Amino acid sequence: QVQLVESGGGLVQPGGSLTLSCVASRSIISHIVGWYRQAPGKERELVATLPRGGSINYADFVKGRFTISRDNAKNTVYLQMKSLIPEDTAVYYCNAQLWNVVTWGQGTQVTVSS
């Protein structure tokens, strides 16, 4: 089973930007990949998903601010985040799905605070 490792989280001021990376242990070219987040005391929620083909799906709260992309040659999925607000503070998780097998990374903390 593929393993996923996220990185790129940290502390950023409101209005700032971060780019998260998710590196897979092997090719995920056929997988649906995505980013989710979980804030303290809240359930995990979808941020964006990117299928192998087809349209990208973004949560309403990130449209226009976040961009998901993938580099299949590097087995890597990215989440570019801009115009960050305190409400974006959460642990961000990478996800890869193939058929009925779903794999999660360990998460990376993003904190938006002045």
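1. Before anything else, a word on terms: a contact here means heavy atoms within 4.5 Å. Also keep in mind that this is a predicted model. With that settled, E6 is a good place to start. Leaving out neighbours within four places in sequence, E6 is in contact with S21, C22, W35, Y92, Y93, C94, G105, Q106, G107 and T108. Its home is strand β1, residues 4–7. At 4% relative accessibility, E6 counts as buried, which is worth a look given that Glu is counted among the negative residues. For a distance to check on screen, the C-alpha atoms of E6 and A24 are 9.0 Å apart, with the two positions 18 residues apart in sequence.

2. Two of the partners of E6, C22 and C94, bring us to the disulfide. How many disulfides does a search of the whole structure find? Just one. C22 and C94 form a disulfide, and their sulfur atoms sit 2.1 Å apart. The link of C22 and C94 is left-handed, with -80° about the S-S bond. C22 belongs to strand β3 (residues 18–24) and C94 to strand β9 (residues 90–98), so the pair ties together parts that are 72 residues apart in sequence.

3. Are the two cysteines buried or exposed? C22 has a relative accessibility of 0% and so counts as buried. C94 is buried too, again with a relative accessible area of 0%. The cut-off behind that call is a relative accessible area under 20%.

4. Staying in strand β3, have a look at L20. L20 is buried, with a relative accessible area of 0%. Setting aside residues within four places in sequence, L20 is in contact with S7, G8, G9, W35, V77, Y78, L79, M81, Y92, T108 and V110. One of these, V110, is 90 residues away along the chain, and its C-alpha atom is separated from that of L20 by 9.3 Å. W35, Y92 and T108 turn up in the contact list of L20, and they are also in that of E6.

5. Now the overall build. The protein has zero helices and 11 strands, so there is little to say about element order: from the N terminus on, every entry in the run β-β-β-β-β-β-β-β-β-β-β is a strand. The radius of gyration is 13 Å, close to the 13 Å that the globule rule gives for 114 residues, so the protein is as compact as a globular protein of that length. Along the principal axes, the C-alpha atoms fill a box of roughly 40 × 25 × 25 Å.

6. Some whole-chain totals. Of the 114 residues, 44% are buried. Among contacts with a separation of 6 or more, 52% come from residues 24 or more positions apart. The accessible surface comes to about 6100 Å², and carbon and sulfur atoms hold 50% of it. As for charge, there are 10 positive and 7 negative side chains, with the centres of the two sets 8 Å apart.

7. Two backbone spots deserve a check. N75 is not a glycine, yet it has a positive phi of about 55°. N75 is found in the loop between β7 (66–71) and β8 (76–81), and with a relative accessible area of 19% it is buried; the limit for that label is under 20%. S83 is the other spot: its phi is near 50°, positive in a residue other than glycine. S83 is in the loop between β8 and β9, and at 39% relative accessibility it counts as partly exposed.

8. The loop between β7 and β8 also holds K74. K74 is exposed, with a relative accessible area of 53%. K74 and V23 are 51 residues apart in sequence, and their C-alpha atoms are 7.7 Å apart in space.

9. Last, T67 in strand β7. T67 is partly exposed, with a relative accessible area of 36%. Not counting residues up to four places away in sequence, T67 touches Y58, Y78, L79 and Q80. Y78 and L79 are also among the contacts of L20. For T67 and P40, the separation is 27 residues in sequence and 23 Å in space, C-alpha to C-alpha.

Methods: Residues numbered from 1 in each chain as written. Predicted model: local features only at pLDDT ≥ 70, side-chain atom pairs only at ≥ 80, totals over all residues. Heavy atoms only, no water. Disulfide = S-S within 2.5 Å. Helix = DSSP H or I, 4+ residues; strand = E, 2+ residues; numbered from the N terminus. Buried < 20%, exposed > 50% of the residue type's maximum accessible area, 1.4 Å probe, protein only. Rg over C-alpha atoms; globule rule 2.2 N^0.38 Å. Areas by Shrake-Rupley, 256 points an atom, 1.4 Å probe, with all protein chains shown as cover. Charge placed at Lys NZ, Arg CZ, Asp CG, Glu CD.
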